[in-house]
Amino acid sequence: DGPSPSSPRNSDKKLPTIQFSSSEFHVRDEEESVDVEIIRTGNKAGRSEITLVTKDRSAKAGEHYVAMEDTIVFEPGVGSVMHQVELFGITHWEALLDFEV
């Protein structure tokens with residue numbers, strides 16, 4: 001006996017994969033935002049939703065960037081979506097600052 005038609009092993013083949021275009025985004029101190037590209041590969045026939053959440057690392061929400069928890073929607077046929085993370089201008093030199101999405 002193999003897996004049933006509704007088993008996760010069979011249904012996973014029909015699901016899209018969603019990932020970021022890059023694992024890191026670099027910006028200069030004077031930049032006010034960074035565009036994050038989210039890519040959907042595989043099956044694009046249906047609608048997909050993800051929640052994009054920022055997470056502090058060395059950069060802190062409210063001090064270096066605007067925290068967010070946004071729903072990103074991929075309509076049928078759409079393969080990528082751009083989303084903007086707002087940054088606060090850095091007025092003095094700092095070592096590398098990073099955050100996660």
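Okay, let's start with one residue, E49: its relative accessibility is 48%, so it counts as partly exposed. Keep in mind as I go that what you have in front of you is a predicted model.

So what does E49 do with its side chain? It meets the side chain of R47 in a salt bridge, at 2.6 Å from N to O. R47 has another partner as well: it forms a salt bridge with E75, and there the closest N and O atoms are 3.4 Å apart. That second pair ties together distant parts of the chain, since R47 is in the loop between β2 and β3 while E75 is in the loop between β5 and β6, 28 residues away. Through shared partners, R47, E49 and E75 end up in one network. E75 is partly exposed too, with a relative accessible area of 37%. And how many salt bridges turn up in a search of the whole structure? Two.

Let me step back to the overall layout. The chain has one helix and seven strands, and reading from the N terminus the order is α-β-β-β-β-β-β-β. Of its 101 residues, 19% are buried. If you take the contacts with a separation of 6 or more, 57% of them are between residues 24 or more positions apart. As for the surface, the chain exposes about 7100 Å², and carbon and sulfur atoms supply 48% of that.

Now, how confident is the predictor? The average pLDDT for the chain is 83, and 80% of the residues score at least 70. Which elements sit at the two ends of the confidence range? The lowest is helix α1, residues 8-11, with a mean of 48, and the highest is β5, at 96. Over residues 2-8 the pLDDT stays under 50, and for that stretch the model has four contacts beyond four places in sequence.

On to the inside. Nonpolar side chains tend to be buried together in soluble globular proteins. Here, the largest nonpolar core has 12 residues: V34, V36, I38, L52, A59, Y65, M68, I72, F74, V81, V85 and L87. Three elements, β2 (33-41), β5 (69-74) and β6 (80-86), each give two or more residues to this core. The largest share comes from β2, with three residues.

One core member to look at is Y65. Setting aside neighbours within four places in sequence, Y65 is in contact with T54, K55, D56, A59, K60, V85, E86, L87, F88 and F99.

That brings us to T54, in the loop between β3 (48-53) and β4 (55-56). Is T54 buried or exposed? It's buried: its relative accessible area is 10%, and the cut-off for buried is under 20%. A polar atom of the T54 side chain lies 3.0 Å from the backbone nitrogen of M68. Beyond its neighbours within four places in sequence, T54 has contacts that include Y65, M68, F99 and V101.

Last one: V27, in the loop between β1 (17-20) and β2. V27 is partly exposed, at 37% relative accessible area. Leaving out neighbours within four places, V27 is in contact with S33, V34 and L87. Its C-alpha atom is separated by 9.8 Å from that of L97, although the two residues are 70 apart along the chain.

That's my tour, so over to you for questions.

Methods:
Residues numbered from 1 in each chain as written. Heavy atoms only, no water. Helix = DSSP H or I, 4+ residues; strand = E, 2+ residues; numbered from the N terminus. Buried < 20%, exposed > 50% of the residue type's maximum accessible area, 1.4 Å probe, protein only. Polar contact = N/O pair within 3.5 Å; in protein donor to acceptor, adjacent residues only side chain to side chain. Contact = heavy atoms within 4.5 Å. Core = buried A, V, L, I, M, F, W, Y, C linked by side-chain atoms within 4.5 Å. pLDDT = per-residue confidence, 0-100. Salt bridge = Lys/Arg side-chain N within 4 Å of Asp/Glu carboxyl O. Areas by Shrake-Rupley, 256 points an atom, 1.4 Å probe, with all protein chains shown as cover.
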